[in-house]
Amino acid sequence: MDFDHSPKTQELRRRVSNFMEAHIIPRYRQHHDEVTAGTFPVSFMEDLKALAKSEELWNLFLPHLTNDESGTRLTNLEYAPLAEIMGRVVWASEVFNCSAPDTGNMEVFHMFGSPEQKKQWLEPLLEGKIRSAFAMTEPDVSSSDATNIQTIIKRDGGDYVINGRKWFISNAAHPNCKVMIVMGKTDPDSADRHRQQSMIIVPMDTPGITVERNITIMGHHSPEGHCEIVFKDVRVPISNIIAGEGDGFMIAQARLGPGRIHHCMRSIGQSELALDLMVERAQERKAFGKYLHQHGAISEWIARSRMEIEQARLFVLKTADMIDKVGAKGARKEISMIKAIIPHMQTTIADRAMQVFGAMGISPDTPLADIWTWGRALRYADGPDEVHLRAIARLEISEAQKKQGFTLPYLTPPLRK
Ligand SMILES: Cc1cc2nc3c(=O)[nH]c(=O)nc-3n(C[C@H](O)[C@H](O)[C@H](O)COP(=O)(O)OP(=O)(O)OC[C@H]3O[C@@H](n4cnc5c(N)ncnc54)[C@H](O)[C@@H]3O)c2cc1C
């Protein structure tokens with residue numbers, strides 16, 4: 001097993017790091033100040049995007065682009081360390097056109113879109129000219145189980161008419177968000193449970209859409225939004241359906257695999273930043289005659305955080321490699337495992353770092369509260385921990401059933417039947 005990054009990945013890591021150092025980190029405070037003052041998108045975003053594009057640090061996430069689509073065609077394994085570097089600053093991935101939920105939506109258009117849908121929506125998304133949202137979760141049903149979705153997509157002549165209510169729809173408040181992919185039911189009565197759902201393209205300016213509110217996350221306001229949206233008699237042409245009626249569940253499965261690993265890659269970057277801050281603070285602050293890192297509890301937090309990050313990174317790289325080799329479906333257990341482990345790790349490490357900072361740790365003067373909050377939110381987004389644990393256990397049991405009797409030789413005679 002070779003644990004080294006390839007020369008190509010090492011070179012890209014250097015270039016993405018340099019870009020972060022030169023253009024993103026120096027604007028960290030400005031971004032915060034502009035957003036706080038109500039300027040969004042921030043004044044420099046389009047300039048930075050143009051710069052990243054000109055340096056060919058653009059669309060780093062999509063492995064299977066065609067020749068006429070702009071991007072780097074990196075594998076998941078090559079992309080993982082780059083996403084980790086971008087992940088250190090919450091807004092940085094947008095600069096490289098690698099931010100959720102656009103990445104997942106681009107995957108959907110790329111894999112399942114018709115030529116017309118690709119022309120209208122994938123091209124401007126790949127160019128970074130527009131942004132997008134993905135609308136599945138609903139307030140009235142447990143949306144961990146996508147078969148519960150109640151939004152209705154009803155055929156009416158040459159149109160579909162959509163009625164329903166969604167919430168926590170990320171990015172829907174972004175001024176450049178021009179399109180949503182909406183999950184709803186085209187056949188709630190007679191189709192098989194997993195063939196009732198479809199995905200449909202809904203331009204944001206379609207009459208009947210009301211963005212009712214931007215929901216704060218643990219009191220934190222995100223300018224791009226996690227919105228509650230009502231669809232009342234929203235009418236779009238039948239050509240807006242993606243793939244076909246009844247394909248919604250299948251598309252959701254395909255979309256969520258890469259989306260989940262991208263979150264985990266960025267989470268590792270956030271966790272590294274939390275650890276860096278913890279280590280630095282522990283070396284400069286003294287309590288009871290010793291630097292903080294000389295107190296046993298804190299040195300243990302530092303050590304544990306380092307060990308957890310190293311484990312998580314190796315696991316993400318293994319999973320990325322599996323997705324490249326056997327696809328997201330073949331790597332579904334690994335994807336669920338990293339999704340259940342890593343957001344939890346992020347909150348644990350951020351929590352330790354906040355504690356090391358004392359009261360300052362939960363103030364806006366460090367990024368730790370944001371890192372904690374985002375890690376906490378990720379324990380729901382793209383499926384709550386428990387749903388992933390259930391999937392892992394089910395796969396584990398079914399694999400064990402296939403090799404039944406395997407453990408018998410290890411049982412001591414009195415226990416043996
Ligand atoms: C910041 C943020 C951004 C989001 N962005 C989007 C977005 O852009 N688009 C979108 O459609 N959705 C989005 N979501 C919603 C997210 O996908 C859902 O919250 C998630 O799928 C869970 O659905 P739910 O909230 O309806 O919880 P429910 O389904 O009601 O589940 C509640 C709880 O029940 C438990 N549970 C559920 N199933 C099981 C099980 N099998 N075994 C044991 N326990 C279980 C879990 O603890 C779970 O947290 C976002 C959420 C957040 C927090």
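Colleague: How far apart do the C-alpha centres of domain 2 and domain 3 lie?

Modeller: This is a predicted model, and the domain assignment of its chain gives domain 1 (7-99), domain 2 (131-242) and domain 3 (249-400). Taking the second and third of these, the C-alpha centres of domain 2 and domain 3 are separated by 29 Å.

Colleague: Which classes of residue make up the side of domain 2 that touches domain 3?

Modeller: Domain 2 and domain 3 bury about 1,100 Å² between them, and 79% of that area is on carbon and sulfur atoms. On the side of domain 2 that touches domain 3, the residues divide by class into 7 nonpolar, 6 polar and no charged.

Colleague: How many salt bridges does the rule find across the interface of domain 2 and domain 3?

Modeller: Counting residues with both partners at pLDDT 80 or more, 1 residue pair is in polar contact between domain 2 and domain 3. For salt bridges, which need a side-chain nitrogen of Lys or Arg within 4 Å of a carboxyl oxygen of Asp or Glu, the number found across this interface is 0.

Colleague: Which residue has a polar side-chain atom 2.5 Å from an oxygen atom of the ligand?

Modeller: The ligand is surrounded by 21 residues, and the closest are F134, T137, S142, S144 and F168. Backbone atoms also approach ligand oxygen, with an N or O atom of M136 at 2.8 Å and a polar backbone atom of S143 at 2.9 Å. The polar side-chain atom that lies 2.5 Å from an oxygen atom of the ligand belongs to S144.

Technical notes:
Residues numbered from 1 in each chain as written. Predicted model: local features only at pLDDT ≥ 70, side-chain atom pairs only at ≥ 80, totals over all residues. Heavy atoms only, no water. Domains from an automatic or database assignment. Buried area = accessible area lost by both parts, 1.4 Å probe. Polar contact = N/O pair within 3.5 Å; in protein donor to acceptor, adjacent residues only side chain to side chain. Nonpolar A, V, L, I, M, F, W, Y, C, P; charged D, E, K, R; others polar. Near = heavy atom within 4 Å.
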